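Good morning, colleagues. Please bring up the sequence and the structure on the screen, and I shall then take you through the parts I have prepared.

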Amino acid sequence: MGSDCLFCRIVAGEIPATVVRETDTTLAFRDIDPKAPVHILVIPKEHYADIATLAQGDPALAADVLATSAAVAEDEGLLGDGFRLMFNTGAYGGQEVFHVHAHLLGGAPLGPMLARDLA
Ligand code: 5GP
Ligand code: ZN
């Protein structure tokens with residue numbers, strides 16, 4: 001994927017980001033347009049388009065993304081009051097960047113899971 005993918009370019013250091021944690025396989029950095037006091041994106045360094053592709057293709061790497069998310073949540077002091085971990089996926093999910101990323105959101109009550117009830 002590489003040069004066509006925004007988050008691959010962040011992994012490569014070609015686009016700056018405020019990195020809060022890095023492991024051999026994952027990177028966590030602050031969202032450029034935060035929607036909550038804490039809004040961090042957690043990604044695998046390797047390119048997978050979305051969480052379904054990642055979980056089916058490399059479950060151990062998906063687990064690494066979760067473990068890094070938990071470590072960042074702890075670093076950010078979110079474990080006591082709670083937080084939300086979210087993978088927007090595909091068109092209905094509102095995904096805009098097609099390199100899988102967990103949104104880690106917290107630091108304030110986050111309100112309902114969806115803006116409105118669609119059921
Ligand atoms: P999605 O809608 O795909 O789930 O979320 C993409 C997220 O990436 C958005 O929250 C957006 O603010 C964030 N984003 C887009 N471009 C950049 C960037 O260049 N740097 C950082 N740090 N975040 C970005
Ligand atoms: Zn990528």
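Strand 1 (19-22), strand 2 (26-30), strand 3 (38-44), helix 2 (51-57), strand 4 (83-86) and strand 5 are the elements against which the buried residues of helix 3 pack. Please bear in mind throughout that this is a predicted model. Which residues of helix 3 are buried? They are Leu-61, Ala-62, Val-65, Thr-68, Ser-69, Ala-71, Val-72 and Ala-73. The geometry of helix 3 can be checked by its length: it comprises 17 residues, 59-75, and at 1.5 Å a residue these should span 24 Å. The C-alpha atoms at its ends are 24 Å apart, so the model agrees with that expectation. After helix 3 comes Gly-77, with a positive phi near 75°.

I turn now to the zinc ion, ligand 2. Its protein donors are Cys-5 and Cys-8, each through SG, together with His-47 and His-99, each through ND1, and they lie 2.0 to 2.3 Å from the ion. Why is the arrangement called tetrahedral? The four donor atoms subtend angles of 105 to 116° around the zinc ion, and four donors count as tetrahedral if all angles lie between 85 and 135 degrees. For reference, the ideal angle for four tetrahedral donors is 109.5 degrees.

Along the chain, the donors of the zinc ion follow the spacing C-x2-C-x38-H-x51-H. One pair among them links distant parts of the chain: Cys-8 belongs to helix 1 (residues 6-11), whereas His-99 sits in the loop between helix 4 (90-93) and strand 5 (102-106), 91 residues apart. Both Cys-8 and His-99 are buried.

His-47, another of the donors, is placed in the loop between strand 3 and helix 2. Is His-47 buried, exposed or partly exposed? Its relative accessibility is 23%, and it therefore counts as partly exposed. The side chain of His-47 makes a polar contact with that of His-99 at 3.3 Å, and also reaches the backbone oxygen of Phe-98 at 3.4 Å. The C-alpha atoms of His-47 and Leu-110 are separated by 29 Å, with their positions 63 residues apart along the chain.

Next, ligand 1. It is surrounded by 16 residues, of which the closest are Asp-31, Glu-96, Val-97, His-101 and His-103. Three distances to oxygen atoms of this ligand deserve mention. A polar side-chain atom of Asp-31 lies 2.5 Å from one such atom; an N or O atom in the side chain of His-101 is found at 2.9 Å from an oxygen atom of the ligand; and for a polar backbone atom of Gly-94 the value is 3.2 Å.

Val-97, one of those closest residues, is located in the loop between helix 4 and strand 5. Beyond its neighbours within four places in sequence, Val-97 is in contact with Leu-6 and Phe-7. Its C-alpha atom is separated by 20 Å from that of Asp-58, 39 residues apart along the chain.

Finally, His-39, which lies in strand 3. His-39 has a relative accessible area of 5% and is therefore buried. Its side chain reaches the backbone nitrogen of Lys-35 at 3.0 Å. Leaving aside neighbours within four places in sequence, the contacts of His-39 include Asp-31 and His-103, both of which are also among the residues closest to ligand 1. Its other contacts are Arg-30, Asp-33, Pro-34, Leu-104 and Leu-105.

How values were computed:
Residues are numbered from 1 along each chain as its sequence is written. Chains are lettered from A and ligands numbered from 1 in the order in which they are written. This is a predicted model: local features need pLDDT of at least 70, side-chain atom pairs count only at pLDDT 80 or more; totals for chains, interfaces and linings use all residues. Side-chain values use heavy atoms; hydrogens and water are left out. Donors are N, O and S atoms within 2.8 Å of the metal (3.2 Å for Na, K and Ca); water is not among the atoms, so sites may look incomplete. Four donors count as tetrahedral if all angles lie between 85 and 135 degrees; four count as square planar and six as octahedral if opposite donors are over 155 degrees apart and all others between 65 and 115; anything else is irregular. Helices (H or I, at least four residues) and strands (E, at least two) are DSSP runs, numbered from the N terminus. Buried means under 20% relative accessible area, exposed over 50%, partly exposed in between (1.4 Å probe, protein chains only). The expected span of a helix is 1.5 Å times one less than its number of residues. Contact means heavy atoms within 4.5 Å. A residue is near a molecule or strand if one of its heavy atoms lies within 4 Å of it. A polar contact is a pair of N or O atoms within 3.5 Å; within protein, one must be able to donate a hydrogen and the other to accept it, and residues adjacent in sequence count only if both atoms are side-chain atoms.
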